[in-house]
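Work through the exercises below with the sequence and the 3D view at hand. Try each task before reading its solution.

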Amino acid sequence: MQSLRKTTTWMIPSGMRIARMSAGEMGSGAGKGGGGGGSIRDAGGSFGKMEVAHEEEYFYKQRQEQLAKLRQKAINHEDFHSESIKHHEEAIARHKKAIEQLKK
């Protein structure tokens with residue numbers, strides 16, 4: 001059981017550990033963990049909150065772009081496989097016709 005606990009602790013993403021270590025509201029100054037996040041954040045106040053808002057917006061937009069690319073890639077794969085199925089069905093029909101011709 002002891003070894004299981006040791007292996008599960010490193011599996012937690014580092015971002016989650018940092019989120020638990022910070023105290024108070026985001027952008028309100030340096031957290032208990034010792035690390036701040038830059039001089040603006042360390043100062044706290046409205047500039048720190050604004051910085052957090054800008055960061056959140058940046059990462060939200062980045063996630064949206066990644067999702068859009070992933071969706072487009074999935075659509076392209078679906079189109080490719082649909083075309084492949086169509087070509088294979090045509091080939092099967094041709095081969096069946098050729099087999100029928102040989103049987104006569």
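The exercises go from the whole chain to single side chains.

The model is predicted: local features need pLDDT of at least 70, side-chain atom pairs count only at pLDDT 80 or more, and totals for chains, interfaces and linings use all residues. Residues are numbered from 1 along each chain as its sequence is written, and side-chain values use heavy atoms, with hydrogens and water left out.

**Exercise 1.** State which helices and strands the protein chain has, and in what pattern.

Solution. Start with the definition: helices (H or I, at least four residues) and strands (E, at least two) are DSSP runs, numbered from the N terminus. The protein chain has four helices and zero strands. Along the sequence this reads α-α-α-α.

**Exercise 2.** Find what share of the residues is buried.

Solution. Buried means under 20% relative accessible area, exposed over 50%, and partly exposed in between (1.4 Å probe, protein chains only). Of the 104 residues in the protein chain, 7% are buried.

**Exercise 3.** Locate the salt bridge and describe its two residues.

Solution. First, a salt bridge needs a side-chain nitrogen of Lys or Arg within 4 Å of a carboxyl oxygen of Asp or Glu. Searching the whole structure gives one salt bridge. Next, the partners are Lys61 and Glu57, at 3.3 Å from N to O. Both belong to helix H4 and are four residues apart, about one turn of the helix. Finally, Lys61 has a relative accessible area of 47% and is partly exposed; Glu57, at 40%, is partly exposed too.

**Exercise 4.** Name the residues of the negative surface patch, then place Glu90.

Solution. Patch residues have over 30% relative accessible area and no salt bridge, and like charges are joined within 9 Å. Asp and Glu count as negative, and the place of a charge is CG of Asp or CD of Glu. The patch consists of Glu78, Asp79, Glu83, Glu89 and Glu90. Glu90 sits in helix H4, residues 45-103. With a relative accessible area of 39%, Glu90 is partly exposed.

Key: Patches are made of residues with over 30% relative accessible area and no salt bridge: like charges are joined within 9 Å, nonpolar side chains (Val, Leu, Ile, Met, Phe, Trp, Tyr) within 5 Å. Accessible areas come from the Shrake-Rupley method with a 1.4 Å probe; for residues, only the protein chains shown count as cover.
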